[in-house]
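The following paragraphs lead the reader through the structure displayed below, beginning with a sheet and ending with the surroundings of the ligand.

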Amino acid sequence: MALVGILFALAVIFVLHRLLRLHTLKDIPGPTPSNWFLGYVYDLSPKPIGTPFKEWTRTYGQTYKLRGPFGVSELVVGDPKGAAYVLNSPDFQRSYSDRVALEEFFGDGVFNAEVNQDCARQRAVLNTAFSPTNVREVAHVLFDLAERLAKEWEDELQQAGPAGILSEMTSKMQRVAIDAISQTTFSYTLSADPHIPAMIAKIADVPSNALTLIAESLVDTFPILYKVPSPMRDWTVMLRTELGKIADRIWQESGGSEGGMHSKLLDAMGKSKMITGEPMNRDTAIANMCAVIFAGYETTANILAECLYELAKKPSIQDALRTELSTLTSTENCSLTYDDLTDTAALPYLDAVTRETFRTKAVLLTITRAAVAPSTIPLAFPVKSTGATSVAVEPGQVVNVPVRDGIHADPAIWGEDVDEFKPERWLGEEEKLPEAVRMIKAPGHLLTFGDGPKTCLGRYFATAEFKIVLATVIQRFVIEDVEDVYDFYRQTSDTIKPRIRGREHEPPQLNLRVKWAEIA
Ligand code: HEM
């Protein structure tokens, strides 16, 4: 009882503290949530991706205010110049609630890098593991996994008639992605393990009901909720324990030093002393293995599956891509290599489809930071109601950079065709991109992998995997959509799940038709 009282008192102090210093946002416009107690997440979460943030930008402009639980204000900066500032300035760090969540799930690993020096050193170690040179070295594993998928479809197609086969894409892409991460980073085929993928699926597929929605709405304001026993927390602890056993075995087999042939992460962690002057201990190594699996598995699987759905609806894009790929292989009379796929001059259309997919299917809806010092965020688009060209924030202010339905989907940035999936916008000279797009300072003028000191460590790996799988599939197969219409929903674990419109109660699924491609 006393504990409940203390927790309640802490909660009241926390909310008052946040409310009292939010006068700085009083001139910023924004929507009123339907539920003052639970705030905007309560309105956002049950809706499919693609609506609320776009609507808010239309009404309030690029910079506006959202109300969290108890009316606490969060700033939204959907402005390319403002976003570059927030993501690169030392005045902003991961928010307290994000850090509690990440530490709770993964332990004290790379995700907390800005908080303590030790974590910063870990980022240096992991960066080595996912450098472009290392990705090139492990690319053959990615080609083998793409080949395994193609072979499975070919075997099924041998038995099928001209109508082809129906294939559930999320599970197919997840299998490729989990093995890509586990084989290349710690020499282990996770999909062959009966427990691990099932556990990860359970964590990612937390059922959406009134209780989880309330918890999701409140958890940012009361991060202590992450510590309350829940099925998701239990699964996470079990996952770490199970992964810990595997990691121990692999760590011991490799002698804690140079790992097996492709175990880039283990190699780098084993060489930690050489890179940072400090050896990496077992617990930290396991925290990092969990972090890498979580950060890199569903994200890449999601984006691949969503791309195939998009291409299924756009046969002309598939045809153009297939022609480009087969022209290169027939001219050179050999199969595609990693160097071909990453050479934008050799395969410009593949690169354009990749960039357009990364623009329209970015997995994180928002990237969240909190101010740790007073700061003034410069804006390219003035605040709609006041015309101000900057916003001042106080320490503690939560700032959201909206990616997929914000900066990546704003007609003021991309032009009136922003809602079209149009790879052509990326063809030609970089200078021809709209000026506001060039204000997005992140690599490739996209925020899909974030920007600044916390930029995704796996971006070269994810891009290579994406291009290898996509090129392999499109070269050999035609992907067609079926009658069902799919909407995509954000899950609590920041992954994206497709559901059939009108049958949303069914488990996530994405069924597409696969047929032989006729090579011209
Ligand atoms: C298409 C796939 C992927 C997407 C869209 C993606 C996106 C992101 C984003 C947006 C961030 C930055 C979050 C922030 O700023 O707070 C991030 C961080 C991270 N990503 Fe990825 N990622 C992908 C694949 C991968 C892969 C394959 C790996 C590992 C092999 C990976 C490892 C990481 C790690 C370790 C971090 C944390 C970096 C840090 O906190 O210092 N990601 N990712």
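Two strands are taken to pair if DSSP finds at least two bridges between them. In this predicted model, strand 4 and strand 12 (residues 511–516) satisfy that criterion, as 4 bridges join them and they run antiparallel. Within this pairing, Ile165 stands opposite Val514 in strand 12.

Helix 8 (residues 169–186) packs on the sheet to which these strands belong, where it touches strand 4 and strand 12. The direction of helix 8 makes about 60 degrees with that of strand 4. Helix 15 also packs on the sheet, touching strand 9 and strand 12, and its direction makes about 85 degrees with that of strand 9.

The sheet as a whole is open and consists of 3 strands in the order 4-12-9, with antiparallel pairing. Its edges are formed by strand 4 (165–168) and strand 9 (477–480), each of which pairs on one side only. From one strand to the next, the twist averages 40 degrees.

A further set of pairings involves strand 5. This strand, residues 366–371, is mostly covered, with 5 of its 6 residues buried. Strand 5 pairs with strand 3 (residues 92–93) in the antiparallel sense over 2 bridges, and Ala371 of strand 5 is the bridge partner of Phe92. Strand 5 is also joined to strand 8 (residues 398–402) by 5 bridges, again in an antiparallel arrangement. Here the bridge partner of Arg369 is Val399 in strand 8.

Attention now turns to the ligand. Of the 25 residues around it, those that come nearest are Ala295, Gly296, Gly450, Cys456 and Gly458. The residues of this shell divide into 17 nonpolar, 6 polar and 2 charged. Helix 14 (282–296), helix 15 (298–312) and helix 21 (459–476) each supply at least two residues of the shell, and the largest share, 4 residues, comes from helix 14. Helix 15 thus appears in two settings: it contributes to the shell around the ligand, and it packs on the sheet against strand 9 and strand 12.

Cys456 merits separate consideration. This residue lies in the loop between helix 20 (435–438) and helix 21, and an unreviewed UniProt entry places the feature "binding site" at Cys456. Is Cys456 buried or exposed? Cys456 is buried, because 20 other C-beta atoms lie within 10 Å. Not counting residues up to four places away in sequence, Cys456 touches Phe449 and Gly450. Gly450 and Cys456 are both among the residues that come nearest to the ligand.

Methods:
Residues numbered from 1 in each chain as written. Predicted model: local features only at pLDDT ≥ 70, side-chain atom pairs only at ≥ 80, totals over all residues. Near = placed C-beta within 6 Å. Nonpolar A, V, L, I, M, F, W, Y, C, P; charged D, E, K, R; others polar. Buried ≥ 20, exposed ≤ 12 C-beta atoms within 10 Å, placed from the backbone. UniProt positions renumbered as here; feature names shortened; annotations may be inferred. Contact = placed C-beta atoms within 7 Å. Axes fitted to C-alpha atoms, helices over the stretch in contact; angles between N-to-C directions.
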